[in-house]
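The following paragraphs lead the reader through one chain, from a helix pair to the overall form and then to individual residues. Please keep the sequence and the coordinates at hand.

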Amino acid sequence: MPFVEGLRTADLVDAIGRLHRHRCHLLDLVSPTPGRVLFGPAVTISYYPTCSAGLDPDTYNLANLFYEAVDGEPEGKVVVLASNGYPEVSMGGGTKLSRLHEHGCAGVLTDGRLRDFDTLAGYDFAAYCAGEATKWGGGEVTPFQANVPVVLQRVGIMPGQYVFADSSGAVVFPVGQLDEVIEGARAVQAEDAEDRQDIEREQLPKSDHRSRQRLSE
């Protein structure tokens, strides 16, 4: 993905911080492929506490909500799964999330957990989550709404907003400011490089033995 090649979450967060004051980053994320970068426009799926009497499992399931969210155009999309207060529960695993691989999605981002890291690592997409799960999560939460505004770690994400994630965390781009943020992040990188060069040129101050001696007396 040449558009963001060489950029880091920190660079993007700094660039957004120069434009806005709102929180835009997620921390403490885990990935089955931590060296893989996640980037693309978001489609969202919001989860809800499971109740088979009120939410028919034949309707409210990840297959139906996935196809509703991507709306016939899955390629390059980041599927954002909002746990809505269930960060310790699995939002999906290697079998159900294989749809992202089959349809060319960029990956998945969730504040909940994911199962089957070994399987997920073999897919083409990137996955970032709160950690690996072992227990199926369908008994606690179910996919409920597609392409609605969601909140992950106090960060608002609307469908269509761009998402970036790497091993240090994730960042959500402000609406309509993708190019501006990328340009700002490149500027941050350049400034940091100049600062490092200045530090390399710094010289240690000359020692004043007399001053140190007076202080020790």
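In which hand of crossing does helix 1 pass helix 5? The crossing of helix 1 with helix 5 is right-handed, a term for the near helix being turned clockwise from the far one by less than a right angle, whereas an anticlockwise turn would make it left-handed. The contact (heavy atoms within 4.5 Å) draws on Asp11, Leu12, Asp14, Ala15 and Ile16 from helix 1, and on Val181, Ile182, Gly184, Ala185, Val188, Gln189 and Asp192 from helix 5. Sorted by class, these residues of the contact between helix 1 and helix 5 are seven nonpolar, two polar and three charged. In this classification Ala, Val, Leu, Ile, Met, Phe, Trp, Tyr, Cys and Pro are nonpolar, Asp, Glu, Lys and Arg are charged, and the others, Gly among them, are polar.

The model is a predicted one, in which local features need pLDDT of at least 70 and side-chain atom pairs count only at pLDDT 80 or more, while totals for chains, interfaces and linings use all residues. Residues are numbered from 1 along each chain as its sequence is written, and side-chain values use heavy atoms, with hydrogens and water left out.

Two packed helices are described by the angle between their axes and the distance between the axes. Helix 1 spans residues 9–17 and helix 5 residues 178–201; they pack at about 110°, and their axes are 8 Å apart. Helix 1 is therefore roughly perpendicular to helix 5. Axes here are lines fitted to C-alpha atoms, for helices over the stretch in contact, and angles run from 0 to 180 degrees between N-to-C directions. Angles of 65 to 115 degrees count as roughly perpendicular, under 35 as roughly parallel, over 145 as roughly antiparallel, and the rest as oblique.

The chain as a whole contains six helices and twelve strands, taken as DSSP runs numbered from the N terminus (helices H or I, at least four residues; strands E, at least two). Its radius of gyration is 22 Å, well over the 17 Å that the globule rule gives for 217 residues, so the chain is more spread out than a compact globule. That radius is taken over C-alpha atoms, and the rule is 2.2 Å times the number of residues to the power 0.38. Along the principal axes, the C-alpha atoms fill a box of roughly 85 × 40 × 35 Å. Of contacts between residues at least 6 apart in sequence, 75% join residues at least 24 apart.

Buried residues account for 43% of the 217 residues, where buried means under 20% relative accessible area, exposed over 50%, and partly exposed in between (1.4 Å probe, protein chains only). Leu100, in helix 3 (residues 98–102), is buried at 2% relative accessibility. Apart from neighbours within four places in sequence, Leu100 contacts Phe66, Val79, Cys105, Gly107, Val108 and Phe125. Thr33 is also buried, with a relative accessible area of 12%; Thr33 sits in the loop between strand 1 (25–26) and strand 2 (38–49). Residues up to four places away in sequence aside, Thr33 touches Ala121 and Tyr128.

Glu75, by contrast, is exposed at 67% relative accessible area, in the loop between helix 2 (62–70) and strand 3 (78–82). With neighbours within four places in sequence left aside, Glu75 is in contact with His103 and Gly104.

The loop between strand 9 (150–152) and strand 10 (155–157) holds Gln153, and Arg154 is found in the loop between strand 9 and strand 10 as well. Gln153 has a positive phi of about 50° although it is not a glycine, and phi of Arg154, likewise a residue other than glycine, is positive and near 70°. Gln153 is partly exposed, with a relative accessible area of 26%, whereas Arg154 is exposed at 65%.
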